Amino acid sequence: MEKMNYYAIQVKTHSEDKFIERLKKEHPDLPFAIHFPKRRLNIKRAGKIVPSTPAVFPGYIFVEAESDEEIENRQWDFRHTSGFYRFLISNRNITPLTDRDLELVLHFISSTGAIADRSKVYFNENSRIVVVEGPLYGLEGRIVKVDKRKGRAKIKLDLYNDSFAIDLAFEVIGPAERNNG
């Protein structure tokens, strides 16, 4: 089986799902798997806790294809869909993700399914977070801030030399659960 390439497409932020829906409706024969990783968070609004599933990479979707030619042959299907901004690196230089970018995107596509759920963590004797399982696992070095009260860790992500921070939820587990993970 041939190794798949992953391409990043910038689309209108907060309209990623609508873009994917339109694209599939307008081009039902499109042969690509399209990924839009999300994360599960509880957000407090007007004093109430509201479940939310914001994007891991706001404004980006990822397309899985076998080759550059395959994407280039169908690029106009994407470009003519409302909400499309650009292929990365550029529309003239459509380039698959590589190295750390690819590793990061695959982390959220393959290990978390469609939605990155809460990670299981505990805090060691030095009050440092230790991730046992979940989407934060393997990303400990990217954690820039921990909010124990809200059960969130802010992580710094880099994609195509652009840095941004997102929150991922966690739940603190007790000593008995630590050895099971």
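**Reading a predicted model, feature by feature**

Q: Let me start with one residue: what is the relative accessible area of Lys-120?
A: Lys-120 has a relative accessible area of 26%, so it is partly exposed. The label follows from the cut-offs, because buried means under 20%, exposed means over 50%, and partly exposed is in between. Please keep in mind that this is a predicted model.

Q: Which residue forms a salt bridge with Lys-120?
A: The general idea is to look for a side-chain nitrogen of Lys or Arg within 4 Å of a carboxyl oxygen of Asp or Glu. Here the partner is Glu-171, and the closest N and O atoms of the pair are 3.6 Å apart. Glu-171 belongs to strand S15 and Lys-120 to strand S11, so the bridge ties together parts that lie 51 residues apart in sequence.

Q: What other salt bridge does Glu-171 form?
A: Glu-171 also pairs with Arg-118, with 3.4 Å between the closest N and O atoms. Arg-118 sits in the loop between strand S10 (115-116) and S11, while Glu-171 is in strand S15 (residues 162-172), so this pair ties together parts 53 residues apart in sequence. You can read their exposure too: Glu-171 is partly exposed at 27%, and Arg-118 is partly exposed at 42%.

Q: How many salt bridges are there in the whole structure?
A: A search finds nine. Another example joins Asp-167 to Lys-154, whose closest N and O atoms are 3.2 Å apart. Asp-167 is in strand S15 and Lys-154 in strand S14, so the bridge ties together parts 13 residues apart in sequence. Asp-167 counts as buried at 16% relative accessibility, whereas Lys-154 counts as partly exposed at 30%. Salt bridges can also form a network, as they do in linking Asp-29, Arg-74 and Asp-77.

Q: Where is Arg-142, and is it buried or exposed?
A: Arg-142 is in the loop between S12 and strand S13 (143-147). It counts as buried, with 19% relative accessibility. To picture its surroundings, look at its contacts beyond four places in sequence: Arg-142 touches Arg-100, Leu-104, Lys-154, Ile-155, Lys-156, Leu-157 and Asp-158.

Q: Which residues does Phe-19 touch?
A: Leaving out residues up to four places away in sequence, Phe-19 touches Val-11, Ile-61, Phe-78, Thr-81, Ser-82, Gly-83 and Phe-84. Phe-19 is part of helix H1 (residues 16-26), and its relative accessible area is 0%, so it is buried.

Q: Which residues form a positive surface patch?
A: A patch of this kind is read from its positive residues, and here they are Lys-44, Lys-145, Arg-149 and Lys-150. Arg-149 is in the loop between S13 and strand S14 (152-159), and it is exposed at 71% relative accessible area.

Q: What about the backbone: where does Ala-46 lie, and what is its phi?
A: Ala-46 has a positive phi of about 50° although it is not a glycine. It lies in the loop between strand S4 (41-45) and strand S5 (48-52), and it is exposed, with a relative accessible area of 83%. Ser-127 is another non-glycine residue with a positive phi, of about 65°. Its loop runs between strand S11 (119-123) and strand S12 (129-133).

Q: One last backbone feature: is the peptide bond from Leu-88 to Ile-89 cis or trans?
A: That bond is cis, with omega near 10°. To find it, look at strand S8 (residues 89-90), where Ile-89 is located.

Note on methods: Residues numbered from 1 in each chain as written. Predicted model: local features only at pLDDT ≥ 70, side-chain atom pairs only at ≥ 80, totals over all residues. Heavy atoms only, no water. Helix = DSSP H or I, 4+ residues; strand = E, 2+ residues; numbered from the N terminus. Buried < 20%, exposed > 50% of the residue type's maximum accessible area, 1.4 Å probe, protein only. Contact = heavy atoms within 4.5 Å. Patch = residues over 30% accessible without salt bridge, like charges linked within 9 Å, V, L, I, M, F, W, Y side chains within 5 Å. Areas by Shrake-Rupley, 256 points an atom, 1.4 Å probe, with all protein chains shown as cover. Lys, Arg positive; Asp, Glu negative; His and termini not counted. Charge placed at Lys NZ, Arg CZ, Asp CG, Glu CD.
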